4 protein chains.
Amino acid sequence: MIDFYRTQGFDIPDQPLKAGIFGASGTTGVEMARLLAGHPCFELVFATSREFAGQSLRVADPAAPDFELIAPEAVMLDGVDVIFTCLPHGHSAPCVEMCHEAGPVVVDLSGDLRLRDAALHDKTYGSQRNQDLIDRCVYGLTETMRAQLAGAKIVSNPGCYPTCVGLGIFPLAQAGKLNGTIVVNAVSGVSGAGRKANATTHFCSAYGDVRPYNVGRKHRHVAEMEQSLTDWLAADADNINLIFNPHLVPLERGMLATMVVQLPGISLDEVHALYAERYDAEPFIDLLQAGETARIRTVANTNLVSIGLAEAGEGHFVITSAIDNVLKGAAGQALQNANLVFGLPETLGLGATVAAPMKELAGAQ
Amino acid sequence: MIDFYRTQGFDIPDQPLKAGIFGASGTTGVEMARLLAGHPCFELVFATSREFAGQSLRVADPAAPDFELIAPEAVMLDGVDVIFTCLPHGHSAPCVEMCHEAGPVVVDLSGDLRLRDAALHDKTYGSQRNQDLIDRCVYGLTETMRAQLAGAKIVSNPGCYPTCVGLGIFPLAQAGKLNGTIVVNAVSGVSGAGRKANATTHFCSAYGDVRPYNVGRKHRHVAEMEQSLTDWLAADADNINLIFNPHLVPLERGMLATMVVQLPGISLDEVHALYAERYDAEPFIDLLQAGETARIRTVANTNLVSIGLAEAGEGHFVITSAIDNVLKGAAGQALQNANLVFGLPETLGLGATVAAPMKELAGAQ
Amino acid sequence: MIDFYRTQGFDIPDQPLKAGIFGASGTTGVEMARLLAGHPCFELVFATSREFAGQSLRVADPAAPDFELIAPEAVMLDGVDVIFTCLPHGHSAPCVEMCHEAGPVVVDLSGDLRLRDAALHDKTYGSQRNQDLIDRCVYGLTETMRAQLAGAKIVSNPGCYPTCVGLGIFPLAQAGKLNGTIVVNAVSGVSGAGRKANATTHFCSAYGDVRPYNVGRKHRHVAEMEQSLTDWLAADADNINLIFNPHLVPLERGMLATMVVQLPGISLDEVHALYAERYDAEPFIDLLQAGETARIRTVANTNLVSIGLAEAGEGHFVITSAIDNVLKGAAGQALQNANLVFGLPETLGLGATVAAPMKELAGAQ
Amino acid sequence: MIDFYRTQGFDIPDQPLKAGIFGASGTTGVEMARLLAGHPCFELVFATSREFAGQSLRVADPAAPDFELIAPEAVMLDGVDVIFTCLPHGHSAPCVEMCHEAGPVVVDLSGDLRLRDAALHDKTYGSQRNQDLIDRCVYGLTETMRAQLAGAKIVSNPGCYPTCVGLGIFPLAQAGKLNGTIVVNAVSGVSGAGRKANATTHFCSAYGDVRPYNVGRKHRHVAEMEQSLTDWLAADADNINLIFNPHLVPLERGMLATMVVQLPGISLDEVHALYAERYDAEPFIDLLQAGETARIRTVANTNLVSIGLAEAGEGHFVITSAIDNVLKGAAGQALQNANLVFGLPETLGLGATVAAPMKELAGAQ
């Protein structure tokens, strides 16, 4: 396969690229480790955890690779090609800075580098940041930033909701069609709440329940989504009013956004054509037939985005967008970005694509 | 307890009222049987099922009362006080007509009698109906129709979504505050899809999934909700645009509606005061503190409605309303209505109330 | 109803009995509060919680009654008739002692008073105990100890597994039929692991998993089951070898034990007759037809025990026993015992019985 | 990768092997299609379905590859290298016979070819069979039959329970240690009940329940397990009494067997050494540390078998064995067998192995 890709013009190194993970015992860290363990061109050389240092990653998650964790202080960055930082918000920025200065490419999965506006960041996260790093990093919503990702030194990986919602409305925003109130209702599986055990993540709290949280404009991903809207509209998004209502649902993996937008004077077929033009060549975007709706089952355990477009009368449309929050919403997209940074085939090590749902490789013959 | 209620002025008969169920082996029929088995003033005297005639209701549902089912042809209506029709749409109207003519009060849980406009009914259900019956029946959204229910002869019990959504916006509608686009996203447990086994209700289809269906304006409950809006606004609801996006979620019982409405020039406290005035005396409506959101866990296995009110900026509000779709959304509300029809205490046999979450009785001492 | 029971000879007090709960914010404490809130003859007068003192019980569990919790130090025992201690093992014994000396009847839901043998207790729990209390308390596996419960001052409420397993084999043990190896496999919903949030109770750990724990003879309920076997056999249980393999399953409430016993020379019908003779008059024991198996769905949210008996060849039988671990396995049985202690109807406030699955009352007419 | 394997001596064809599936729209058929779509050396050239002919496999399962199904009559076997028959019992044998005569290798996932004894087959399945085919096929419990699989023309793929239980006791059986009563309790996710929608597979039946079925010796997999025991013991298994109690649990994928065996005079460490010797080189068998227990979470969505060994006192041991019932219990093992038949690397296209949990390839560099 690798040789096949070489014949296709990919510049694939003879030796695997060395990769490390900071914060490997959390939900996204474990998934990152699992993906790297199965990737033909990356080799996981270290993974850190304060809590589980000296133990196998399987102690943190029984389904994880059997890889021994080390304390962050024990990391040696010499010769490492790429770092994935899976640390909590506020802890990530200093680690990114340290790694970046030492040489490796860094893909940051926290929120620390996502918001370019300092005041907005402080209001949203209130955590440590580094404006210089932020100014130099690429926001890795892959399908909207592919050109900038090649050769990037720092990638800020998007949040799960901004990925699901953003890719669901990007074609409309870029075409200048969005206007007025956008109502987004979204659901997320409990893995989105992280590995921390608390009253919310207790089985007996989430089971049998659907629970709204931070409705209206209170969720911190609202700022990230509005930043993207402003970028795509190539104008201030002041005439857009985003309402975002997230809910916790009783399943492990998966996220669905159901979005109501007003697009007067345009037919469903025209909207669909807009999306098709933008997305038909995308290996991970599964644009459904006009009138269909996305669902979580189709995308769970894949890096796919499923997008459905339907009418709601009076010039309104219902857009549904589904992802696996741990893959396309976190570790999967991080690896997709890393593939692009290093000039590897974008789909490598990521399983199902639209063309071949479970096949990443066409080059066996 | 019964004697206590008598001292409170309730005219409670010396002998239990005789009740029958048509269509007892479906989801609402089983629940109706379970509620009647636990009700101190009703006695279940027959329950029909074509599929399970001659067998116990426990064959249809292992958690149901052990009550022998009979074929509908075997029913004797003499001396029966009240009938609950739990038949599929289209099969119910003729049964209601037959029962009504024979004397008993009828509470119909199907959609056959809900829509007063014949053309709308035909477009929505396309099923048999009886305009004369419809004109004479009371639409049993209890908290909005209490006065009319006393002594009613036919009650048309509301749909589950119209109950959840309707009670969530009734105070606003009655106060004439609703206007413009109302975006309702709703989730329902799989019991809402009925007992019929098919590709949608298969465990491996619903588990791990969230699935939108009939989004926009395609669900047949839209017509029922708009009929109520027109009634409450005491005006045509033409200036209101209702968008309704239902989703199937992986749990058995429960329903949540998350509604975005535009209410310019009114504060959250004022909105809350409006609801409090309307609902504070209601035994089954649990109005949360301003800013809180409803969730399914609080209402599952009860006849309660939990309602939350929160701000969404720019004059928008997020209203959340949660019910148990099989109880307040079907059999529970049917029994609540029957209690009122016969002059019994409204909460009798329905378990938790707002004042005493699991206590129906204050009169023991 | 109450008057009806009086006509049946029950000595029901004119005023409700005053009840208190120590440790109300845990899983069994919340259930105890919910049951007492719905009981016609008990009135909850206090409920303690260190963590939530000064807050409503609904803060601990959104589906709990809205009852204000107090610190244990603030409890006044004057005039209180019955105390339910729902404290962790080791914390309960001193509280029981203190309450008992102050006068009220005490029903203890912890493990502190269950094992009569001091050495066995120390090995099993290693917690504080009080031999004098233990010697005076009644072990409240209701169906086996009804006579002793009337007028008892201290009741030690059984563990969930000992209830499920014990009632499943009691008729065989009492008939002296048990012998040799008994293999018990059992499953429990996650509520059995308590309200404490940890790696085991995290939704993403339990969801999609079945997980054995403490298999063989490591679970501390083994000692309690063997103590009962010794009592019932009226002989040392040395010739019996109990193997007990508990598993965590992804549901909230419910417990099922699947037990393989060797009973040479006796037919399934004879075994069934043995159980029928013992259990047919029991309001909460649902003995299935010979050859049927119990399942959790039938008993969840009830105080029922469902028991199935089937053949396994070569003189072996498979006994299945299912309960709701929070009700018959904890708070439900505690209330059943309290009813008996005070001479109330045994089923009062406990919902479904075998004769009328959801009806506790026959006395309305 | 492929080239790497060639350097390791594998005789990998230049063109992919052509594969077909009969009965592709069932649970195992869909999984087979998904695995083949991701396999570098097999190419799916046809997949049949009576119900969905002319439609995409995604109509049957939204997470399946987008592959157009054809009617079985439309199949052309010329040039096809391997057939996977995923038909219901009784329908499979004639199809296997037809395919076998046309040339391709056949891997049969039904029960039609599993039982060598005609009388036992008739009693167990009562379905059509073909003694000649049975005599010539290899029973594909891979780890016990690896030598025979190379170059086989017909493979009878084992049942899910016989795989889980069989691999869990094979080392003991082969060492002649098994004796007396073996009590096996097993749980299976609902995918084990197939795609057919019925009262058992309805979400509202399985959710929140654990349900024993066919306990004792009634499940038809008992005969298959006893056939294996007889083979491995190299003697009649008459002195062994197998009791098998399967249960349905509320999850989609996964199977766990908890087995109690009597092994007098041997220590846990000795038992573990026996297993280690047999299994340490196995890429898909994850033998846990002595005293640990297997769980479903570790193996779901993989072809792995997780095996735990623990003591139960008095010479008894508790063996736990977990698999994904759709992968190692069906389609995964079928592909593992096909890899061996064609001399391909055994782990190809099967994802996680013990050495590299999610990595099938070591050969990228």
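Student: By what turn and what shift along the axis can chain B be laid on chain A?

Tutor: The idea is to ask which movement brings one copy onto another, and in this predicted model a turn of 180° with a shift of 0.0 Å along the axis lays chain B on chain A with an RMSD of 0.0 Å. The two copies are therefore related as by a two-fold rotation axis. The surface that they use is the same on both sides, since 100% of the contact residues of chain B recur in chain A.

Student: How many residues does each chain bring to the contact between chain B and chain A, and which strand of chain B gives the most?

Tutor: An interface can be read by its residues and then by the elements that carry them. Chain B and chain A each bring 34 residues to this contact. On the side of chain B that touches chain A, the elements giving two or more residues are strand 7, strand 8, strand 9, strand 10 (255–262), strand 12 (305–313) and strand 13 (316–323) of chain B. Strand 12 of chain B gives the most, with four residues. By class, this side of chain B has 16 nonpolar, eleven polar and seven charged residues.

Student: How many residues make up the contact of chain B with chain D, and what turn relates those two chains?

Tutor: This contact takes 13 residues from chain B and 13 residues from chain D, and on the side of chain B they divide into seven nonpolar, five polar and one charged. Chain B can again be laid on chain D by a turn of 180° and a shift of 0.0 Å along the axis, with an RMSD of 0.0 Å. The residue of chain B that comes closest to this rotation axis is Phe203(B), whose C-alpha atom is at 2.0 Å. Here too the same surface serves both copies, as 100% of the contact residues of chain B recur in chain D.

Student: Turning to a single chain, why can chain A be said to agree with a compact globule?

Tutor: One compares its radius of gyration with that of a compact globule of 365 residues, which would be near 21 Å; chain A has 20 Å, so the two agree. Along its principal axes, the C-alpha trace of chain A spans about 60 × 50 × 40 Å. Chain A holds twelve helices and 13 strands, and buried residues make up 62% of its 365 residues. Among its contacts between residues at least 6 apart in sequence, 67% join residues at least 24 apart.

Student: How should I read a sheet, and what is the order of the six strands in the open sheet of chain B?

Tutor: Strands of a sheet pair through backbone hydrogen bonds, either parallel or antiparallel. In chain B, the open sheet of six strands has the order 2-1-3-4-6-5, with parallel pairing. Its edge strands are strand 2 (42–47) and strand 5 (138–139) of chain B, each of which pairs on one side only. Strand 1 (residues 17–22) of chain B pairs with strand 2 of chain B in the parallel sense over five bridges, and within that pairing Gly20(B) has Phe46(B) in strand 2 as its bridge partner.

Student: Is strand 9 of chain B enclosed or exposed, and in which sense does strand 7 pair with it?

Tutor: Strand 9 (residues 240–248) of chain B is largely enclosed by the rest of the structure, because seven of its nine residues are buried. Strand 7 (residues 180–188) of chain B pairs with strand 9 in the parallel sense over nine bridges, and Ala186(B) stands opposite Pro246(B) of strand 9. By contrast, strand 8 (residues 211–212) of chain B runs antiparallel to strand 9, joined to it by two bridges, and Pro212(B) has His247(B) as its bridge partner.

Student: Which residues touch the most other members of the largest nonpolar core, and how many residues of helix 2 of chain C are buried?

Tutor: In the largest nonpolar core, which has 504 residues, Ala33(A), Ala33(B), Ala33(C) and Ala33(D) touch the most other members. Leaving aside neighbours within four places in sequence, the contacts of Ala33(A) include Ile21(A), Leu44(A), Leu57(A) and Phe67(A). In chain C, eleven of the eleven residues of helix 2 (residues 27–37) are buried, Ala33(C) and Glu31(C) among them. These buried residues pack against strand 1 (17–22), strand 2 (42–47), helix 3 (57–60), strand 3 (82–85) and helix 12 (327–341) of chain C.

Conventions. Residues are numbered from 1 along each chain as its sequence is written. Chains are lettered from A and ligands numbered from 1 in the order in which they are written. This is a predicted model: local features need pLDDT of at least 70, side-chain atom pairs count only at pLDDT 80 or more; totals for chains, interfaces and linings use all residues. Two residues are in contact if their C-beta atoms, placed from the backbone, lie within 7 Å. Ala, Val, Leu, Ile, Met, Phe, Trp, Tyr, Cys and Pro count as nonpolar, Asp, Glu, Lys and Arg as charged, and the others, Gly among them, as polar. The radius of gyration is taken over C-alpha atoms; the globule rule is 2.2 Å times the number of residues to the power 0.38. A residue is buried if 20 or more other C-beta atoms lie within 10 Å of its own, exposed if 12 or fewer, and partly exposed in between; C-beta atoms are placed from the backbone. Two strands pair if DSSP finds at least two bridges between them. A nonpolar core is a set of buried Ala, Val, Leu, Ile, Met, Phe, Trp, Tyr and Cys residues joined through C-beta atoms within 7 Å. Copies are superposed by least squares on the C-alpha atoms of residues with pLDDT of at least 70 in both.
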